[in-house]
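Biologist: Thanks for sitting down with me over this one. Could you walk me through its side chains, a few at a time?

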Amino acid sequence: RYDLRAGVGGENLWQVVGKAQLDRHHRGRVATSLEARVARRDNDRYYGIGDAGTEDSPYRASIARTIVRARLRLPASVALTGTGAVVDKHVTSDPEMLDAPDTQFLYGELELARDTRRRADAEDAHGVRSTGSLALGFAGREHDLRDDRGWFRVGFDLQQFVRLASGPRAF
């Protein structure tokens, strides 16, 4: 399955996203995807940091990402997902008020999730989740390619759907 999208957001953002889903059978145990994103914000405003300056200055940020993702579906509605990304970010301003160096970094993440969210009734619309739960945990690391620094990111997400009545009514 292939997907190509282009979009414009507000006055300042445009982006192009290309995605290829490499699993041949959507219901298989392993699903892989390759995604490329290019985004550009052409006219954001910078107002200084603290008392460093009160004049605003337009700046432009360009971000390119390449993302590889693999998901392994395990028994009991459990999935293990690995994600790797390469990111290149470039910032320019006019006049040169920003001291923002270009950055390139690698990002890797592992996610373990148990997802039982689903339709509670066959008459509910497809895509409507009105019962079930999600328990998800992830851990990732960013590695800066310019100065060999990095940071870790760890988090979780817990959701529980409670059906209130027939139709798409859930709490």
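Biologist: Is Arg37 buried, partly exposed or exposed?

Modeller: Happy to start there, bearing in mind that this is a predicted model. Buried would need under 20% relative accessible area and exposed over 50%. Arg37 has 29% relative accessibility, so Arg37 counts as partly exposed.

Biologist: Which residue meets the side chain of Arg37 in a salt bridge at 2.5 Å, N to O?

Modeller: The partner is buried, with a relative accessible area of 6%. Salt bridges that share partners also join this pair with Arg69 into one network. The residue that meets Arg37 at 2.5 Å is Glu35.

Biologist: Asp115 and Arg117 form a salt bridge too; which of the two is buried?

Modeller: Their closest N and O atoms are 2.8 Å apart. Asp115 has a relative accessible area of 28%, so Asp115 is partly exposed. At 18% relative accessibility, the buried one is Arg117.

Biologist: Which strands give two or more residues to the largest nonpolar core?

Modeller: That core has 6 residues: Ile63, Ile67, Ala85, Val87, Phe105 and Tyr107. Ile67 is in contact with Ala85, and beyond the core with residues including Glu35 and Arg37. The strands asked for are E4 (57-74), E5 (78-93) and E6 (103-115).

Biologist: And what is the area of the nonpolar surface patch that includes Val8?

Modeller: Val8 lies in strand E1 and counts as exposed because its relative accessibility is 71%. Leu4, Trp14, Val16 and Val38 join Val8 in the patch. Its area is about 480 Å².

Note on methods
Residues are numbered from 1 along each chain as its sequence is written. This is a predicted model: local features need pLDDT of at least 70, side-chain atom pairs count only at pLDDT 80 or more; totals for chains, interfaces and linings use all residues. Side-chain values use heavy atoms; hydrogens and water are left out. A nonpolar core is a set of buried Ala, Val, Leu, Ile, Met, Phe, Trp, Tyr and Cys residues joined through side-chain atoms within 4.5 Å. Buried means under 20% relative accessible area, exposed over 50%, partly exposed in between (1.4 Å probe, protein chains only). Helices (H or I, at least four residues) and strands (E, at least two) are DSSP runs, numbered from the N terminus. Contact means heavy atoms within 4.5 Å. Patches are made of residues with over 30% relative accessible area and no salt bridge: like charges are joined within 9 Å, nonpolar side chains (Val, Leu, Ile, Met, Phe, Trp, Tyr) within 5 Å. Accessible areas come from the Shrake-Rupley method with a 1.4 Å probe; for residues, only the protein chains shown count as cover. A salt bridge is a side-chain nitrogen of Lys or Arg within 4 Å of a carboxyl oxygen of Asp or Glu. Lists of a residue's contacts leave out its neighbours within four places in sequence.
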